[in-house]
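Reader: I've just opened this one up and I'd like to know how the labels are earned. Can we go through it together, one label at a time?

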Amino acid sequence: MLNGYRILDLTDDRGHLAGMLLAQLGAQVVLCEPPGGHRTRHRGPYVDDVVDPERSIEFLVYNRGKHSVVVDNPAQIAELAAGCDAVISCGAFDVDLDALRAASPQLVTAAITPFGETGPKTGWAATDLTIAASSGTMSLTGDRDRAPVRIGPPQTWHNAAVDTAGAILMALHERQTSGLGQHVDTSAQQSFVDCTQFQMMAVLTGGEVPVRLPGAVNLGGFLIPWVYECADGYVTVTFLFGPMIAPFTSRILTWICEEGFCEPELRDKDWVDFGMAIVEGRESMDTFDQAIKALTAFVATKTKAELLERALADNLLIAPITTTADVLALDHLEVRDYWEHVEVPRAGGSAPVRLCGSLAKTTGGPLAVLPVAPRLGQHTEAYLNGDGSPGTAITARPRTEIAPTGRSLERPLDDVKILDFMWALAGPGATRTLADYGATVVKVESELKPDVLRGVHPFIGEEGGQENALQFHSINAGKMDLTLDLSLPEARDVILDLVAWCDVLTESFSPKAMENWGLTYDVLREVNPELVMFSSCLMGQTGPMRMYAGFGTMAAAIAGFYPVTGWPDRIPAGPFTAYTDYISPKLGVMLILSALAERDRTGQGQHIDFAQMEGALHFLATEFADEEINGRTAGRAGNADRHMYPHGVYPAAGDDRWVAIACETDAQWGALAVMLTEAAAGNAYLDQTLDMLNASADGSLAGLDAGSRRAHAETIDAAVTAWTEPQEAADVEAALQAAGVPAHRVNDAADLMADPQIVAREHFVSVPHAKHGHTWVEDSNFDLSRTPGRPLWGGPMFGEHNMEVLEGILGYDGDKIAELVIAGALA
């Protein structure tokens, strides 16, 4: 898709996923490494546990398909950048991106930073742990009686990396019109706020501050478990009441009743009306508790495989909580030929291993099968001659044509038109981002079957109602709403007219839905041969689990995120609810824009089959490769880290107040050790603890290296806790940041709204709304310097733009529209 583009990758683990995915989409990616190599080359896990910079598993999985060029001065970076379309930076190199663009005005540059390049926290020290704490996500993750936890292996940089890759593609799209590049400023903090699923906004309308619940969720005061223990592990079960979920609940209760775990009276309850019955006093939560107990006892007798088999047969909302070993053994991925067999260096040569595969299946050419990651400096000579002049790889570059027309788009996607059949969260998030940056998005829905997010907390004023849901308002901001009853032929005719108008059609239904409406890609491309159709669903359009319907909570369980999140002696806490629903829109933006780039070059459209679960696997790629190569199954480790220590979340003064602290370098530990020593004079317990530590450390507390610190982990944690516990989290945060130590209080919803960085970057913005006058939405996670994006209005009301679409876009006259009304098509 991105054939002809060249990307200069100046990242380390704080962004390397971006370059790898752009390479998979067809770009040539040139990785700059310092003479000593990319920092991930020097940390485990290693292939066969042999310590070797060429065998680092993290480096191997996230740098596949790239070219490695060793650079040791800014002039070499500038030389390379002049031959590229885009540069991605994360702070691994000291580089002046403004100067690179001044020298090459067509260049797109991007910076991934912890808090963005503007605002009071721009210079703060940060790691994955402290960014997770700052985002609000950590406040929702873990057990109530322990410290909050991060989501398994580092995730914040991956979220920011994928956001950045999409932003680069927007800027390159706009460059086709203006001939000019621009700068992308991505905040990892803002990227990770996505993973709170808009729950932080509850406080903006008078709601309560949400709290973390392990393997469970609080819905309107009802504590609903997600995680259940089964005969050979754990599963998630979406077991609720209400119009959308009740049919699933009834079906699983039928099975439970068949096997004698509940009485028919419980099975036959009106689960559709159950919530209202509780409100009106006709039912008691005791009844629901009884159902939960029956479900718990029943599930404990079944294996994960038995539960999944019945879930597929009877359309039940049950998902196995899979380990890395389980994912590698999943038949569905084998049938879809997901894994790529890549030769990696092993004893005596190399051998093929399975690594994460294509982001999507396409009817165009398949995505690139990426070779093994490069050896250090493998391509230096091709790009840089010994005298520092350009090598043949630069001078022979098949440069993408830049044809400036002398005009610029106000927003980079102002010329893109999208027909949007997305619903819920994972799909609409992609089209929301595209709408922010200029795309005209027509959302098709029906009052007969409303988007599920219209009924999901938080609400404006805490009052339910299909026009009051903040999640819907935010995820559908800036879109036009057209209501159609697609069961009627008149409505289908309208859709075909819109297909002729649009560049992209997006949908996130089960694989049969578009077929049932007669709107398959084969039909649609007859109307518009240049159409890009993007289909996003849980498990993809093919394979034995293709009809597996469900939510991101289930995909997160199947993709392996639950077993790695939480404490090793507790149930898998899992990420906050639907984690793959937060990842998928970012990947969807990349795929859609890449397909448009190919269409612009070739005139050909295509159908993209995106399986949300498969895309999410890239966020745990190191863990799957470690399982495949070393047989090591990833597990829960609380907030522990492979490479940093101390690395944890420590109590502060007040109820449920915490501060995240991570020492990435010996110097940072030394600064923390000095603070602990100074504080010991007024703290008897801390003084005693440090005496014990100094004795075991031969009196050189500040000089302990990471390995020695880890050996004294229990004592160090006790000392840090004794220091932080009496203090306000803000005071600990300020003291450590002043000393250059990564630290951040664990922001809850109230903290996040008052966070000076979030306020300065206007992450939560008030926008117009047809019913309420205004509503709250989350802004973009990145800024474009020359053609910025913005949400123009909150999620639309039912049919709010019917006339605008029918008259303004399709040119229908009054008689034509009247016929549609009479036929009942506009419903």
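Reader: Which residues does F239 touch, leaving out those up to four places away in sequence?

Author: This is a predicted model, so everything here is computed from it. F239 touches I224, Y228, T249, I252, L253, F288, A291, I292 and L295. A contact takes heavy atoms within 4.5 Å, and each of those residues counts as touching F239.

Reader: What makes F239 part of a core?

Author: A core takes buried nonpolar residues joined through side-chain atoms within 4.5 Å. F239 is among the residues with the most contacts inside the largest nonpolar core, alongside L22, Y548, Y579, M613 and L617. That core has 187 residues. Helix α23 (residues 579-602) supplies the largest share of this core, 12 residues. There's also a second, separate core of 32 residues, with L496, V499, M533 and L806 among them.

Reader: Which strands make up the open sheet, and what makes β9 and β11 its edges?

Author: The order is β9-β10-β11, with antiparallel pairing. β9 (227-230) and β11 (318-320) each have a single partner strand, so one side of each has no neighbour in the sheet. On average, neighbouring strands here are turned by 35 degrees against each other, direction ignored.

Reader: How do you know that β10 and β11 are paired?

Author: Pairing needs at least two bridges between the strands. Strand β10 (residues 233-237) and β11 have 3 bridges, in the antiparallel sense, so they pass. V235, for one, has P320 in β11 as its bridge partner. Helix α11 (residues 285-299) packs on this sheet and touches β9 and β10. The direction of α11 makes about 40 degrees with that of β9.

Reader: Why is C195 not counted in a disulfide?

Author: Two cysteine sulfurs would have to be within 2.5 Å. For C195 the closest cysteine sulfur, in C356, is 18 Å away, so that's too far for a bond. C230 fails too, because its closest cysteine sulfur, in C262, is 19 Å off. The count comes to 0 disulfides.

Reader: Are those two cysteines buried or exposed?

Author: Buried means under 20% relative accessible area. C195 has 1%, so C195 is buried. C230 has 6%, so C230 is buried as well.

Reader: Why is the R570 and D145 pair called a salt bridge?

Author: The cut-off is 4 Å between a side-chain nitrogen and a carboxyl oxygen. In R570 and D145 the closest N and O atoms are 3.0 Å apart, so the pair qualifies. R570 sits in the loop between α22 (552-558) and α23, D145 in the loop between α5 (128-135) and α6 (156-178), and they are 425 residues apart. R570 is partly exposed at 25% relative accessibility, while D145, at 55%, is exposed. The whole structure has 58 salt bridges.

Reader: What makes R761 and D185 a tie between distant parts of the sequence?

Author: Their closest N and O atoms are 3.1 Å apart. R761 lies in the loop between α32 (756-760) and β24 (764-769), and D185 in strand β6 (residues 183-187), so the bridge ties together parts 576 residues apart in sequence. Both R761 and D185 are buried.

Reader: How do you know that D626 is buried?

Author: The limit is under 20%, and D626 has 4%, so D626 is buried. Its salt-bridge partner R632, 2.9 Å away from N to O, is partly exposed at 33%. Elsewhere, salt bridges with shared partners join D12, D13, R14, R39, R43, E58 and E664 into one network.

Definitions and conventions:
Residues are numbered from 1 along each chain as its sequence is written. This is a predicted model: local features need pLDDT of at least 70, side-chain atom pairs count only at pLDDT 80 or more; totals for chains, interfaces and linings use all residues. Side-chain values use heavy atoms; hydrogens and water are left out. Buried means under 20% relative accessible area, exposed over 50%, partly exposed in between (1.4 Å probe, protein chains only). Helices (H or I, at least four residues) and strands (E, at least two) are DSSP runs, numbered from the N terminus. Axes are lines fitted to C-alpha atoms, for helices over the stretch in contact, and angles run from 0 to 180 degrees between N-to-C directions.
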